[in-house]
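User: Hey, could you walk me through a structure? I'm new to this, so please explain the terms as we go.
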Amino acid sequence: MAPLPVGIRFIISFSRDQWYRAFIFMLTFLLYASFHLSRKPISIVKGELHKQCTAGDEPEARFSGPSSSTRHGPTHWLLNNETDCGWAPFDKNNYQQLLGALDYAFLCAYAIGMYLSGIIGERLPIRYYLTFGMLASGAFTALFGLGYFYNIHSLGFYVVTQIINGLVQTTGWPSVVTCLSNWFGKGRRGLIMGIWNSHTSVGNILGSLIAGYWVSTCWGLSFIVPGAIVAAMGIVCFLFLIEHPKDIKCSSTLPTHPRVSENGINRFRLQKQTTHSEKNGPLDPELQCLLLSDGKSPLHPSHIVVLPGDGSMAAISFTGALRIPGVIEFSLCLLFAKLVSYTFLFWLPLYITNVDHLDAKKAGELSTLFDVGGIFGGILAGVISDRLEKRASTCGLMLLLAAPTLYVFSSVSKMGLEATIAMLLLSGALVSGPYALITTAVSADLGTHKSLKGNSHALSTVTAIIDGTGSVGAALGPLLAGLISPSGWSNVFYMLMFADACALLFLIRLIHKELSCPGPAAGIQAPLKEH
């Protein structure tokens, strides 16, 4: 018998379950990367919506618009005291406040909608919910770009488009995190989700490159093309997404942890019933360490969310999710961490344009280096937290290093392009690391916390609470940057450093418990292991 080809031997070396897990990993990666791809164009187009220019000396009316030698599209007339400083109404001196209002409209709607999205998502099939969100997001992203072709200069049009887009995009994060957590166990969650969370940076990079390709010639396409991509991925989601391994009779846990109950519930084995004596008996040592309030005595039993262990599908309440140990602390930490991250996301290209005097396209391309650093930062945070089994301490260390790094960035970025490149990579790693870890591995850990006693529907709500609170900071960051930047970019960086310090402050209690409590991850549920 002839030996099998190398490629075939490689294929059959993996089990059916492993191939399905790899497929879901890549599919959810691409689905959420497309969401971020559609968020990036606004930051790239800012430099085109408002240009640095001076008023003309001629009093008569002059013709202008996206025609000339560099642009093609609808035309408009500029009268005697008007200037060709971009796209009205963003061509005035208050352009930074107006652009900040666009960011705030999207992110504030996203933050409010996120709290509702997790609750709604628990009660609907993930595939349908996510498909609707992606199709709607694609439509409203493209609608923003249509303002270029239909010569729309109403601020209200662009603000309303951003608000609706922010609301429908909340369908994405709880859905993909829940789906991925259904398929993967907890043993290497930090590494797996650290790699997976690079979709954020990959989406930002692709969005920057796609938007930058058309920004100087036809900025409307900078929105329409990403919108079409998101909508197309929504169709792919509808055709191929598998919500849970049980749907195709795959194992619900990774082979290396056969006893671990995925997503907090054993779907294929009988779960041990809790007897009256066990309810009144001492807590599990690990859980008791998690719930210490003063280092000596555990919290009151009412602070423990006890749910049926017989596979009940009842969704957890909002207040019940808040009572899970660590949810409030990590939510508030993410508020400030995401404030920093999204300020870079929405304002970095314009900052590079002003400081390094590059055009919008080159500034957009250079800003992708921040996301390249973010890829390595997210993976590094996952690896370290898995090795040390201390999520809060890992986040705290990176936040501690991020603040002085931002100060150095604000100083050396004015020295030249080489210094800017180096600091973009380093700042991207330190800023994105904690943000990536909290929104993925930490959210999944808390959503399957042992105190839930087997409620598989808690994960979506917990993820939405954490990311929704973080999105409040994401809304405030770009808004504050728009208000502060006229007084100098240095003040923006001081605001970002203060936010990093606040994020670290909210983790102090959990870090203390991790360092004082024996065993893994005292602040949150540690990866479960066989006994």
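Analyst: Sure, let's begin with a term: a residue is buried if its relative accessible area is under 20%, exposed if over 50%, and partly exposed in between (1.4 Å probe, protein chains only). Helices (H or I, at least four residues) and strands (E, at least two) are DSSP runs, numbered from the N terminus. This is a predicted model, where local features need pLDDT of at least 70 and side-chain atom pairs count only at pLDDT 80 or more, while totals for chains, interfaces and linings use all residues. Residues are numbered from 1 along each chain as its sequence is written, and side-chain values use heavy atoms, with hydrogens and water left out.

User: Ok! Why is helix 3 largely enclosed by the rest of the structure?
Analyst: Because 8 of the 9 residues of helix 3 (residues 41–49) are buried. Among them are Pro41, Ile42, Lys46 and Glu48.

User: How many helices and strands does the protein chain have?
Analyst: The protein chain has 19 helices and 2 strands. It has 531 residues, and 56% of them are buried.

User: And which residues touch the most others in the largest nonpolar core?
Analyst: First, the term: a nonpolar core is a set of buried Ala, Val, Leu, Ile, Met, Phe, Trp, Tyr and Cys residues joined through side-chain atoms within 4.5 Å. The largest one has 82 residues, and Trp219, Phe344 and Leu496 touch the most other members. Helix 14 (residues 327–356) supplies the largest share of this core, 18 residues. Apart from that core lies another, of 32 residues, including Ile24 and Met134.

User: What is Leu496 in contact with?
Analyst: Contact means heavy atoms within 4.5 Å. Leaving aside neighbours within four places in sequence, Leu496 is in contact with Leu339, Val340, Thr343, Phe344 and Leu406. Across the protein chain, of the contacts with a separation of 6 or more, 81% are between residues 24 or more positions apart.

User: Let's switch to His36. Is it buried or exposed?
Analyst: His36 is buried, because its relative accessible area is 1%. You'll find His36 in helix 2 (residues 16–39). Its side chain makes a polar contact with the side chain of Asn204, at 3.1 Å. A polar contact is a pair of N or O atoms within 3.5 Å; within protein, one must be able to donate a hydrogen and the other to accept it, and residues adjacent in sequence count only if both atoms are side-chain atoms. Not counting residues up to four places away in sequence, His36 touches Thr200, Gly203, Asn204, Tyr342 and Tyr435.

User: Cool. What about Ser393, where is that?
Analyst: Ser393 is in helix 16 and counts as buried because its relative accessibility is 17%. The C-alpha atoms of Ser393 and His512 are separated by 8.5 Å, although the two are 119 residues apart along the chain. With residues up to four places away in sequence left out, Ser393 touches Ile511, Glu514 and Leu515.

User: Who else is in helix 16?
Analyst: Thr405 is one of the residues there, and helix 16 covers residues 391–412. Thr405 is buried too, since its relative accessibility is 10%. Setting aside neighbours within four places in sequence, Thr405 is in contact with Met423, Leu426, Ser427 and Leu430.

User: Any odd backbone spots to look at?
Analyst: A bit of background: most residues other than glycine have a negative phi, and most peptide bonds are trans. Here the peptide bond from Ala88 to Pro89 is cis, with omega near 10°. Pro89 lies in the loop between strand 2 (76–78) and helix 4 (95–122). Asn151 has a positive phi of about 55° although it isn't a glycine, and Asn151 sits in the loop between helix 5 (126–149) and helix 6 (155–168).

User: And Lys249, is that buried or exposed?
Analyst: Lys249 is exposed, because its relative accessible area is 75%. Its phi is also positive, near 60°, in a residue other than glycine. Look for Lys249 in the loop between helix 10 (221–240) and helix 11 (276–280).
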